[in-house]
Amino acid sequence: MQSIANAVLWLLVIMLAVSVLRLRNKVYMPFKLKELLYSDFGAPLGEKFPVTHFQTITGGQAAVHNDSGKKKIILVTSPTCGTCTTLYPLINPFMQNKNDQYEFISMMYGDLQEVKAIGHNYSLMVPIVQLENEESLKAIKTDRFPFGYLLSPDGKVTSKGLITNEEQFDLLLTWAPKQPKKSRLAFYRQRSNAEQQV
């Protein structure tokens with residue numbers, strides 16, 4: 001009888017240990033994001049970016065659309081944003097590896113001298129645009145930092161959201177918004193219209 005009680009006790013101890021490990025993994029292990037935070041903020045998905053041209057801090061021009069077929073990444077930051085400093089070192093290596101697929105614009109909200117200092121301190125080799133005031137933030141439809149947009153070659157917003165690390169930066173490039181499912185009725189209407197045209 002005592003051996004059965006010991007076996008039941010050990011079984012309970014093992015089940016408790018497994019439960020504790022599962023709970024620990026749920027609580028302490030970081031979860032993988034499936035979409036960026038604040039992806040419901042900013043310029044609407046699928047629409048043209050609200051501003052088409054910007055003047056860079058060096059006096060050049062930066063456009064959101066291009067004829068090269070490359071997608072455009074816009075990263076909106078601020079020199080006073082502590083989280084933003086983790087992203088600046090990622091920009092140059094990313095562009096060296098992916099410049100055949102993407103173009104990059106760094107937009108910084110703040111004083112011109114601070115913006116130039118960030119560009120110099122991190123040796124950024126991408127166009128840098130200063131966002132001078134609240135109106136310039138309203139024009140690009142965000143006041144959150146660091147915020148990223150991915151634009152199609154024709155300047156339409158394909159992905160967007162808050163970016164605080166390299167994983168989220170990669171998610172900006174790969175995340176596609178879910179398309180609403182068509183109802184069966186819409187499918188049959190479309191099918192019958194196609195059959196009528198034939």
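Me: Why is Cys-81 counted as buried?

Reply: This is a predicted model, in which local features need pLDDT of at least 70, side-chain atom pairs count only at pLDDT 80 or more, and totals for chains, interfaces and linings use all residues. Residues are numbered from 1 along each chain as its sequence is written, and side-chain values use heavy atoms, with hydrogens and water left out. Buried means under 20% relative accessible area, exposed over 50%, and partly exposed in between, with a 1.4 Å probe and protein chains only; Cys-81 has 12% relative accessibility, and therefore it counts as buried.

Me: What makes the link of Cys-81 and Cys-84 a disulfide?

Reply: The term is used for a pair of cysteine sulfur atoms within 2.5 Å, and the S to S distance from Cys-81 to Cys-84 is 2.3 Å, so the pair meets the definition. The structure holds one disulfide, and this link is right-handed, with 90° about the S-S bond.

Me: Why does Cys-84 count as buried?

Reply: Cys-84 has 0% relative accessibility, which is under the cut-off, and so Cys-84 is called buried.

Me: How do you know that Gly-161 is in a strand, and is Gly-161 buried or exposed?

Reply: Strands (E, at least two residues) and helices (H or I, at least four) are DSSP runs, numbered from the N terminus, and Gly-161 is found in β7, which covers residues 157-162. Because its relative accessible area is 0%, Gly-161 is buried.

Me: Which residues is Gly-161 in contact with, beyond its neighbours within four places in sequence?

Reply: Contact means heavy atoms within 4.5 Å, and with those neighbours left aside the partners of Gly-161 include Leu-36, Tyr-38, Phe-147 and Leu-172. Pro-146 is another of these contacts, and although it lies 15 residues from Gly-161 in sequence, the two are 8.6 Å apart in space, C-alpha to C-alpha.

Me: What makes six residues in the lining of the largest pocket nonpolar?

Reply: Ala, Val, Leu, Ile, Met, Phe, Trp, Tyr, Cys and Pro count as nonpolar, Asp, Glu, Lys and Arg as charged, and the others, Gly among them, as polar. Among the lining residues are Val-51, Phe-54, Val-129, Leu-131, Ala-139 and Ile-140, and because their residue types stand in the nonpolar list, they belong to that class. The lining also has four polar residues and one charged residue.

Me: Which element supplies the largest share of that lining?

Reply: The largest share, three residues, comes from β5.

Terms used
On a 1 Å grid over the protein atoms alone, a cavity is a set of points where a 1.4 Å probe fits but cannot get out, and a pocket is an open set with protein on both sides within 12 Å along at least five of seven lines; lining residues have an atom within 4 Å of a point.
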